[in-house]
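Me: I am in my first year and would like to understand one part of this protein model properly. Could you take a close look at the last helix of the chain's run of helices and explain how that part is connected to the rest?

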Amino acid sequence: MRETQTVRRKVQLRPVRPAGWWCDALLLAGLVTITLALARGALLGLDLAVSRWAFANDPVPLYRTAQVFNLLGQGGWLLMPVSGALAVAVAWRRRSVRPFLLVGGAFLLTSATIGPLKLWTDRAAPTASVKPPFLPPEEAVRIFNDLPAGAYSMSYPSGHVANAIVWYGVIAALLVALTAGRLRPAAHRLIRFAPPAILLVTTTYLNYHWLTDGLAALLLGLLLDRLLHRVPWDDLPLPGRLLGGWDRPALFTSTP
């Protein structure tokens with residue numbers, strides 16, 4: 001009976017809030033709706049209006065401040081290194097390799113979705129109108145574009161926003177494990193939700209992305225985050241003998 005219960009725990013997905021798959025379906029439907037609307041020419045006027053306002057209202061102090069806050073979304077030298085360092089700390093403290101499963105899962109999930117979507121949609125950034133190849137804004141804003149060689153064509157969706165939702169969720173989960181569940185709920189919410197909100201504003205204000213780039217990334221990031229948190233990382237079967245016992249639970253993700 002105990003072996004049957006153990007197997008059942010290993011394959012059971014974790015609950016997320018809101019419960020069920022209806023929220024995931026709504027997030028996916030929202031992403032598809034925005035993409036189709038842009039492909040048909042809708043919302044382009046909104047993107048252009050927001051971009052023009054940002055270009056016209058960028059005093060140096062405010063612009064520099066936004067640039068600093070925008071660094072919160074740097075994946076290569078901030079989000080992934082911090083997540084990796086926390087995974088090492090949790091793994092050493094818990095004598096378990098399971099924190100690396102969470103980090104690896106986040107990396108694979110984001111790499112398999114965000115990058116391919118950017119390449120497929122072939123959309124220029126707002127700054128393409130003021131930097132080489134100096135595209136007219138009405139051309140740069142188009143999605144599924146046929147951009148010239150050398151043009152930045154990976155604007156949709158915003159990688160900063162989508163990655164931030166996923167990776168700050170990973171960082172929060174690792175901090176919970178590192179503190180043995182003593183991380184305050186307010187701190188947990190701040191870590192998870194403040195950076196993506198800041199990045200949605202700053203990437204739009206700095207004209208690194210169109211407004212709809214950020215909105216689509218918000219939907220995609222929340223969907224990926226929900227998928228990642230459904231995985232019972234502490235219950236996944238691992239070869240304990242080969243790992244020398246370093247397969248023990250570490251992330252407080254065992255299913256009930």
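Reply: What follows begins with the whole chain, moves to helix 10 and its partners, and then turns to the loops and the annotated spans.

The model is a predicted one, and its chain has 10 helices and zero strands, so that the order of elements from the N terminus on reads α-α-α-α-α-α-α-α-α-α. Along the principal axes, the C-alpha trace spans about 65 × 40 × 35 Å. The chain has 256 residues, of which 43% count as buried, and its accessible surface comes to about 13300 Å², with 68% of that area belonging to carbon and sulfur atoms. If we take the contacts with a separation of 6 or more, residues 24 or more positions apart account for 80% of them.

Helix 10 covers residues 211-230, and a useful way to study this helix is to ask which charged partners its residues have. The structure holds six salt bridges, and three of them can be followed here, one after another.

Arg-226 forms a salt bridge with Asp-24, and the closest N and O atoms of this pair are 2.9 Å apart. Because Arg-226 lies in helix 10 and Asp-24 in helix 2, the pair ties together parts that are 202 residues apart in sequence. Arg-226 has a relative accessible area of 5% and is therefore buried, since the cut-off for buried is under 20%. Asp-24, at 5% relative accessibility, also counts as buried.

Asp-24 has a further partner, for this residue forms a salt bridge with Arg-230 as well, in which the closest N and O atoms are 2.8 Å apart. Here, too, distant parts of the chain are linked, with Asp-24 in helix 2 and Arg-230 in helix 10, 206 residues apart. Arg-230 counts as buried, at 6% relative accessibility.

The next pair joins helix 10 to another helix. Asp-225 forms a salt bridge with Arg-192, the closest N and O atoms being 2.3 Å apart. Since Asp-225 lies in helix 10 and Arg-192 in helix 9, this pair ties together parts that are 33 residues apart in sequence. Asp-225 counts as buried at 7% relative accessibility, and Arg-192 is buried as well, with a relative accessible area of 15%. Looking back over the pairs, Asp-24, Arg-226 and Arg-230 are joined into one network by salt bridges that share partners.

Helix 10 also contributes to the surface, and Leu-227 is the residue to look at, as it is found in this helix. Leu-227 counts as partly exposed because its relative accessibility is 32%, a value that falls between the limits of 20% for buried and 50% for exposed. Together with Leu-13 and Trp-21, Leu-227 forms a nonpolar patch on the surface, and the accessible area of the three together is about 290 Å².

Some backbone details in the loops deserve attention next. Most residues other than glycine have a negative phi, and most peptide bonds are trans. Asn-207 lies in the loop between helix 9 (185-205) and helix 10, and its phi is near 60°, a positive value in a residue other than glycine. With 2% relative accessibility, Asn-207 counts as buried. Asp-122, in the loop between helix 6 (98-121) and helix 7, likewise is not a glycine, yet has a positive phi of about 50°. Asp-122 counts as buried, at 17% relative accessibility.

Cis peptide bonds are found in the model too. One joins Arg-17 and Pro-18, with omega about -5°, and Pro-18 has its place in the loop between helix 1 (2-11) and helix 2 (22-39). Another joins Tyr-156 and Pro-157, where omega is about -5°, and Pro-157 is placed in the loop between helix 7 (137-140) and helix 8 (159-178).

Finally, an unreviewed UniProt entry places the feature "transmembrane region" at residues 21-43, 71-92, 99-117, 161-181 and 193-211. In the model, the span 99-117 is 100% helix and 0% strand, and its end C-alpha atoms lie 28 Å apart. The span 161-181 is 86% helix and 0% strand, with its end C-alpha atoms 27 Å apart.

To return to your question, helix 10 is connected to helix 2 through Arg-226 and Asp-24, and to helix 9 through Asp-225 and Arg-192.

Technical notes:
Residues numbered from 1 in each chain as written. Predicted model: local features only at pLDDT ≥ 70, side-chain atom pairs only at ≥ 80, totals over all residues. Heavy atoms only, no water. UniProt positions renumbered as here; feature names shortened; annotations may be inferred. Helix = DSSP H or I, 4+ residues; strand = E, 2+ residues; numbered from the N terminus. Patch = residues over 30% accessible without salt bridge, like charges linked within 9 Å, V, L, I, M, F, W, Y side chains within 5 Å. Areas by Shrake-Rupley, 256 points an atom, 1.4 Å probe, with all protein chains shown as cover. Salt bridge = Lys/Arg side-chain N within 4 Å of Asp/Glu carboxyl O. Buried < 20%, exposed > 50% of the residue type's maximum accessible area, 1.4 Å probe, protein only. Contact = heavy atoms within 4.5 Å.
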